[in-house]
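Here are some exercises to work through at your own pace. Have a look at the sequence and the model, try each task, and then compare your steps with the solution.

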Amino acid sequence: MATHARQGPCGDLASRLFATRKLTRDLAAPLSDADATVQPFPDASPAKWHLAHTSWFFETFVLRDHAPGYRPFDDRYAFLFNSYYEAEGPRHARPRRGMLSRPSLDEIRSYRAHVDETLERTLPSLSPAALELVELGINHEQQHQELFLTDILATFAENPLEPAYGELAPPACFAAEPLSWHAGREGIVEIGAADAGFAFDSERPRHRVFLSAHKIANRRVSNGEWRQFIDAGGYRTPTLWLSEGWDWVQREQVSAPLYWRDEATEFTLAGRREIDWAAPVSHVSFYEADAFARWAGARLPTEAEWEDFASSADPAIGNQLDGAGPVLPRPGGGMFGDVWEWTQSAFASYPGFAPAAGAVGEYNGKFMSGQFVLKGASCATPRGHSRASYRNFFPPHARWQFTGLRLARDA
Ligand SMILES: [Fe+2]
């Protein structure tokens, strides 16, 4: 497989594993069983399902396959909590995950504890190949921690009572940094993950690409700039939009970022609050980001332009997830944190791409159709999870993630 367990003592892997498992538990602490059962729309999952599915991943790919004599917590759970692995057999239909009032949240917590205890006991005797799957399981669970928060935001956004998942400090009155343009490198550069260290299979192999002369913006597009786009009739001007995007705007009657509620407020994990005009715009689709860039006389960066520009930035710096609680994009910030940034690049395989061996080969490769790459990290991305070569991906209409944009242009 194309993933690599982090070099170093098993103790380091164990501490990261159990810290990750604890963070997921902590994220669920404020929720009632009912909160954790709702599925706001088919692409989002109930919180309870995330808690169980991440445990199923370890139970299946690590414990079942590598811990002799392991007995599943409940034989019926594989059907309920397999997400999309055809090699693992039939599964409950994704759009119906919200129908699972049973098992209860407490039963799912017991399931998690069972898996954790077995992992703790088994870890010292696991083979290097199994430890690579533990590393993959940690990274998988971190991805679900982000989805957990965005799916809870989507769940609470459906409730007219506008419940808050937690509290956040009020916006500080920063002004957005002035927009400036940096010259990107021109010519042949390398992108993709090097051989050492963990990366998903889709980030490899590292390879050469050609960059034409271009410039890239020093910061993300702000809420204030998005307001100007709206006021200028951006959502009503077909010439700014890709054909599919224009169909989508009209069909869905889109006229603002997903959680904007009126002229001055938005719904957040801390309930409804005033829009921070200096903060990066978030919860916009690829279609919207592309139309905005055209309106601004610019374009979205390619994945290679973005990655080369970010290669000297520290991916651990920025507004990212450090502990359980609500999150929100904030003004300032660099290449990582606040919002994932749409690129104009399709999520496709790199030259020489080889999916990971076994069932986990279904992790990324089979989604290389109809999706665009997002780079960076968001305020809901666990710190330490992302890197310049990271390839997040979503279909062009998706906007319930913390998704924004940075402009680029030809030089
Ligand atoms: Fe998953």
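**Exercise 1. Two cis bonds**

In which loop does Pro103 lie? Find the peptide bond that leads into Pro103, then look at Pro205 in the same way.

Solution. Keep in mind that this is a predicted model.
- Step 1: Go to the stretch between helix 3 (77–81) and helix 4 (105–122), and you'll find Pro103 in that loop.
- Step 2: Check the bond that joins Arg102 and Pro103. This peptide bond is cis, with omega at about -5°.
- Step 3: Move on to Arg204 and Pro205, whose peptide bond is cis with omega near -5°. Pro205 sits in the loop between strand 2 and strand 3.

**Exercise 2. The iron site**

Which protein donors does the iron ion have? Place them along the chain and say whether His140 and His144 are buried or exposed.

Solution.
- Step 1: Start at the iron ion and pick out the protein donors: NE2 of His53, NE2 of His140 and NE2 of His144, lying 2.2 Å from the ion.
- Step 2: Read off how the donors are spaced along the chain, and you get H-x86-H-x3-H.
- Step 3: Put His140 and His144 in their element. Both belong to helix 5 (residues 128–157), and they are four residues apart, about one turn of the helix.
- Step 4: Check their accessibility: His140 and His144 are both buried.

**Exercise 3. A buried acid**

What is the nearest side chain of opposite charge to Asp201, and how far away is it? Then look for a polar contact that Asp201 makes.

Solution.
- Step 1: Locate Asp201 in the loop between strand 2 (187–191) and strand 3 (207–211).
- Step 2: Search for a partner of opposite charge. The nearest such side chain is Arg391, 8.3 Å away. A salt bridge needs the charged atoms within 4 Å, so that distance is too long. Asp201 is therefore buried without a salt bridge.
- Step 3: Turn to polar contacts: the side chain of Asp201 makes one with the side chain of Asn364, at 2.9 Å.

**Exercise 4. Open space and closed space**

Which element gives the most residues to the lining of the largest pocket? Do the same job for the largest cavity.

Solution.
- Step 1: Take the largest pocket, which holds about 800 Å³ of space. Its lining has 32 residues, and those nearest the centre are Tyr84, Arg94, Leu147, Phe393 and Phe394.
- Step 2: List the elements that give two or more residues to this lining: helix 2 (47–66), helix 5 and strand 9 (392–394). Helix 5 gives the most, with six residues.
- Step 3: Go to the largest cavity, with a volume of about 140 Å³. It is lined by 18 residues, and Glu266, Ser282, His283, Leu328 and Pro329 are the closest to its centre.
- Step 4: Here strand 5 (residues 265–268) gives the most to the lining, with three residues.

**Exercise 5. Positive phi**

What is the phi of His283? Compare what you find with Asp338, and check how accessible each residue is.

Solution.
- Step 1: Look in the loop between strand 6 (271–274) and helix 8 (286–295) for His283. Its phi is near 60°, a positive value in a residue other than glycine.
- Step 2: His283 counts as buried because its relative accessibility is 6%, and the cut-off for buried is under 20%.
- Step 3: Asp338 lies in the loop between helix 9 (303–310) and strand 7 (340–346). Asp338 isn't a glycine, yet has a positive phi of about 75°.
- Step 4: With a relative accessible area of 1%, Asp338 is buried.

How values were computed:
Residues numbered from 1 in each chain as written. Predicted model: local features only at pLDDT ≥ 70, side-chain atom pairs only at ≥ 80, totals over all residues. Heavy atoms only, no water. Donors = N, O, S within 2.8 Å, 3.2 Å for Na, K, Ca; no water. Buried < 20%, exposed > 50% of the residue type's maximum accessible area, 1.4 Å probe, protein only. Lys, Arg positive; Asp, Glu negative; His and termini not counted. Polar contact = N/O pair within 3.5 Å; in protein donor to acceptor, adjacent residues only side chain to side chain. 1 Å grid on protein atoms, 1.4 Å probe; cavity = no way out; pocket = protein on both sides within 12 Å on 5 of 7 lines; lining within 4 Å. Points joined across faces, edges and corners; volume = space filled by probe spheres on them.
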